[in-house]
Amino acid sequence: MYIAPEKTRTPSGGQGASRRELIVGAALVGGSLLVGCSPADIMGAGAPKTDFGAFGPFIKIDADGAVTVMNKHQEMGQGNHAGLSAIVAEEMDADWSTVKVQHAAANAKVYANSLMGVQGTGGSTAIANSWMQLRTAGATARAMFVQAAADAWKVPAAEVTVKDGVVSHASGKSAQFGDLLADAAKVTPPKSVKLKDPKDFTLIGTERVRRKDSLAKATGQARYTQDVYLPDMLTAVVAHAPRFGGKVKSFDDTAARKVPGVVDVFAIATGVAVVANGVYAARKGREALKVEWDDAKAESRSSAEMLADYHRIARGELTPSDDKWAPFTTKGDATGQFDGTDVLHATYDFPYLAHATMEPMNCVAQVDGSKCKLTYGAQGHSLDQMAAAMVVVNLPGAIEIETLFAGGSFGRRSSWDSDYVVEAVQIAKHVGRFRPVKLVWTREDDMTAGHYRPMAHHAVAVKVGKDGYPAAWRHRVVVQSFAKASPMMASMMVKNNVDSTTVEGTAGSPYLAATPVVDAQVFTPHSPVTTLWWRSVGATHTAPVMEHTIDQLAARAKIDPVEYRRELYRRAGEAGARHLAVLNLAVEKAGWGTLEDGWTRGVAVHESFGSVVANVCEAKVIDGEPRVRKVTVAVDCGIAIAPNQIAAQMEGGTCYGLSAALFGQVTLDKGRPQQTNFDTYRVLRQNEAPQVETWIVPSAHPPSGVGEPGTPVIMASLPNALFAATGKPVSSFPLVKA
Amino acid sequence: MSIELEINGVKRQVAAEADTPLLWVLRDELHMTGTKYGCGVAQCGACTVHLDGQPVRSCQTPVGSVGAGKITTIEGLGGTHPLQASWVKHDVPQCGYCQSGQIMSAAALLAATPKPTDADIDAAMSGNLCRCGAYQRIRAAIKDASGELAVTAKA
Ligand code: FES
Ligand code: FES
């Protein structure tokens, strides 16, 4: 499945909104109706006119001929600095060893994500949406150098060749990009250019495509938001409501103002801001602050109570008035199919998860009247511009953004309500005079600020046919919808009351394609607890549910789980073809069958964001906790641009998913998050990390993403390995109970 | 109060309360940004520096307790440490935010144990979180550097 170009995708996840719907959404949020404009027009309105130079907005060339690629996306670890600049270098035949890459400024008019319609990074789309754009940019620049050389040497352009930044002709003439720069810049860019045949690629797909930022990141020189120090800058922390939906009733700042270094204390929409010279003073000021909270509209349930409600909703015993059941896949007549003894029942519970990026959320803002500049690890540029514009009352494009490295995101840096960005802008607006303010969230602020992977409950019933394969499949999902929490997101991601991110992975599953009767529905209860996309989004729960259910069905039918999958993929036809290929590759490389000393293997296959990943893990319970020692991954992500970085994403994605499967959970006690730091929110450590081996399926298809698809499969293969050992199915996460 | 610190071989005067964590003195007073904040409670290792050659969590080290101790930060490795070359060779970093701390912990490990075993690496490195999950490359890069470091070790 490749992303249809006329559709938009939202940062990290949702699929399927049309541009038209996005415009309506943007207009809703903007509070005005703009007809006949593209989303980029709306989001880019007010953008300063910028001269991007002869080679356009993506390519800058220094006097010495060194090429700098402008990355319109966020490099938050996923390696797109490398992949995107390699695309340009390939078509340009630039000298890869000297190619540099920089984050571009916010400007939706030129830097919109072509799969979203606005500027933003997510949904593992960076490479996919840039593929043709950057190839064309690179090929165009190449053609300009070729033409300049042909004119200078008086030879036909067709006879001029380019290799590693050197332009040459059979006559022996040759020149560097730098030598031809002035003339090439004057060449009118050709209207259309011929792109390389992928079989002629010399850089893309090779081990030469390596990170450009490793040295900066190994020497402490890479610049993150936390590292911004500007003249006269203030540091702000915010006292937030302890419960989601809580508000400030009153506060006493007498003691806080006496703390040395504290400059000001004031209320903002989300709490009380303490502005000071430096983080330590700001934190001490906040500790001295007394705030009374109004919890009238706050979430007061525990997460256990909420989950119990989810179970009752799934059983039909409770129907909250704020939503109704929405069918998302329906086939045949399911009536009365699930009452017999030939039915497998399985339920699954998933907790809230924090992203827990290594760098907690932060943002530097400067505001003077309606003028606003933001300096931070921007991921959802256009959304943040729009949100900031509403605070300072300006056009979105006029909000200047300088993009820095983000110390991880996993979806968190691009939130639908731009929460931490809006907070920074509100504080900077109060401070005024364009004085820089760095909003700093402590780990505790970050972990208790919600925007969690939503808690979820699945109830599955599968009627098994005489052959042991599914004859009818009933599926109920109860999960919060973050799309429905925002009118704009809802307009983009909700169709027929189905938020696609709540069911993606169950919807579209080859197993449902192989099942003749399907009744799959979702219910999205509301809570003030905020939720958000979290690396691989819906797949974080749908992949474990589908894959673990398959293993239970296979066990019941006494068929090997690999064979069982192969048969279902065959039955699914086209919908299972790529799954079958990655499964076969992973099993071939990992080996299959019994292991020594109580180790068992588990397998899982899942498609997300256009890529299909199979994962075979080796696991064993040691000292009461599951351990994974080895993971073999096979991935089909279309044309592989940076194999080394694809492997890095499979390694990292596996660790991220494994961490969540083993330990990840945020629980609420009377509405208050109980995990506040890494001492209570346990995450995977070096001694618990498996060895991950990555195999890439050769493909001629356009590239799809790799940032997310590696994550959900381990959350399924591990339970399958444990099930193989014990015969006891897993029904709730995390696997290690606190 | 005014406090004298020796950082990367250079004496620095800073104005700070004695209970201020060394981390925030390095960052907010001296703008030495290589040392990162990740948790503030000695759980993540992002703030790791060396104090007289020993790895310490600067978020839990009050600046008043440092005295005449010699502080080494990531900036003090100079970019030429064998671990830094190995980190580049293996493309270890993803987001990179944890990597200063990882390298400082690894440098202390190699200074004490030039040829670390997997168990040595587990023991020395499990206090350093990497949310991007670069763990296996961290391990490989340490092992790769350990041969080289036997000759040039001076963490
Ligand atoms: S910031 Fe010091 S250990 Fe995390
Ligand atoms: S590289 Fe991102 S946390 Fe380690």
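**Exercise 1. The largest pocket**

Task: State the volume of the largest pocket, which is about 1,400 Å³, and work out which residues and elements line the largest pocket.

Solution. The model examined here is a predicted one, and its largest pocket has a volume of about 1,400 Å³. The first step is to look at the lining, which consists of 47 residues, with His240(A), Ala241(A), Arg243(A), Phe244(A) and Gly245(A) lying nearest the centre of the pocket. The second step is to ask where the lining comes from: strand 9 (234-240), strand 13 (290-294), helix 12 (419-431), helix 13 (443-447) and strand 29 (672-673) of chain A are the elements that give two or more residues to it. Helix 12 of chain A provides the largest share, namely four residues. The third step is to sort the lining residues of the largest pocket by character, which gives 18 nonpolar, 15 polar and 14 charged.

**Exercise 2. The largest cavity**

Task: Find how many cavities of 30 Å³ or more the whole structure holds, and describe the lining of the largest cavity.

Solution. Rolling a probe the size of a water molecule over the atoms shows where empty space is left. A search of the whole structure gives seven cavities of 30 Å³ or more, and the largest cavity has a volume of about 470 Å³. This largest cavity is lined by 35 residues, and those closest to its centre are Gln78(A), Ser124(A), Gln649(A), Val706(A) and Gly707(A). Turning to the elements, helix 3 (80-92), helix 5 and helix 20 (643-662) of chain A each contribute at least two residues to the lining, and the largest share, three residues, belongs to helix 20 of chain A. Sorted by character, the lining of the largest cavity contains 13 nonpolar, 20 polar and two charged residues.

**Exercise 3. A sheet of seven strands**

Task: Give the strand order of the open sheet of seven strands in chain A, and identify the helices that pack on the sheet.

Solution. Strands of a sheet pair through backbone hydrogen bonds, either parallel or antiparallel. In this open sheet the seven strands follow the order 11-12-9-19-16-17-18 of chain A, and the pairing is mixed. The edges are formed by strand 11 (262-268) and strand 18 (400-403) of chain A, each of which pairs on one side only. Neighbouring strands of the sheet are turned by 25° against each other on average, with direction ignored. Looking inside the sheet, strand 9 and strand 19 of chain A pair in the parallel sense over three bridges, and Thr235(A) stands opposite Lys438(A) in strand 19 of chain A. Helix 9 (residues 279-287) of chain A packs on the sheet, where it touches strand 9, strand 11, strand 12 (271-276) and strand 19 of chain A, and its direction makes about 30° with that of strand 9 of chain A. Helix 12 of chain A also packs on the sheet, with strand 16 (362-368) and strand 17 (371-376) of chain A among the strands it touches, and its direction makes about 35° with that of strand 16 of chain A.

**Exercise 4. A sheet of three strands**

Task: Determine which strands are the edge strands of the open sheet 6-7-8 of chain A, and say which helix lies across it.

Solution. The three strands of this open sheet stand in the order 6-7-8 of chain A, with antiparallel pairing. Strand 6 (160-163) and strand 8 (174-176) of chain A each pair on one side only, and these are the edge strands. Between strand 7 (residues 166-169) and strand 8 of chain A there are three bridges, and in one of the pairs Val167(A) has Ala175(A) as its bridge partner. Helix 5 (residues 126-153) of chain A lies across strand 6, strand 7 and strand 8 of chain A, running at about 135° to strand 6 of chain A.

**Exercise 5. Two residues compared**

Task: Decide for Pro436(A) and for Lys70(B) whether each is buried, partly exposed or exposed.

Solution. Pro436(A) sits in the loop between helix 12 and strand 19 (437-440) of chain A. Because its relative accessibility is 6% and buried means under 20%, Pro436(A) counts as buried. Beyond its neighbours within four places in sequence, Pro436(A) contacts several residues, including Leu230(A), Met233(A) and Val364(A). Lys70(B) belongs to strand 5 (residues 70-72) of chain B. Its relative accessible area is 46%, so Lys70(B) is partly exposed. Not counting residues up to four places away in sequence, Lys70(B) touches Glu6(B), His50(B), Leu51(B) and Asp52(B).

Methods: Residues are numbered from 1 along each chain as its sequence is written. Chains are lettered from A and ligands numbered from 1 in the order in which they are written. This is a predicted model: local features need pLDDT of at least 70, side-chain atom pairs count only at pLDDT 80 or more; totals for chains, interfaces and linings use all residues. Side-chain values use heavy atoms; hydrogens and water are left out. Two strands pair if DSSP finds at least two bridges between them. Contact means heavy atoms within 4.5 Å. Axes are lines fitted to C-alpha atoms, for helices over the stretch in contact, and angles run from 0 to 180 degrees between N-to-C directions. On a 1 Å grid over the protein atoms alone, a cavity is a set of points where a 1.4 Å probe fits but cannot get out, and a pocket is an open set with protein on both sides within 12 Å along at least five of seven lines; lining residues have an atom within 4 Å of a point. Grid points are joined across faces, edges and corners, and a volume is the space filled by probe spheres set on the points. Ala, Val, Leu, Ile, Met, Phe, Trp, Tyr, Cys and Pro count as nonpolar, Asp, Glu, Lys and Arg as charged, and the others, Gly among them, as polar. Buried means under 20% relative accessible area, exposed over 50%, partly exposed in between (1.4 Å probe, protein chains only).
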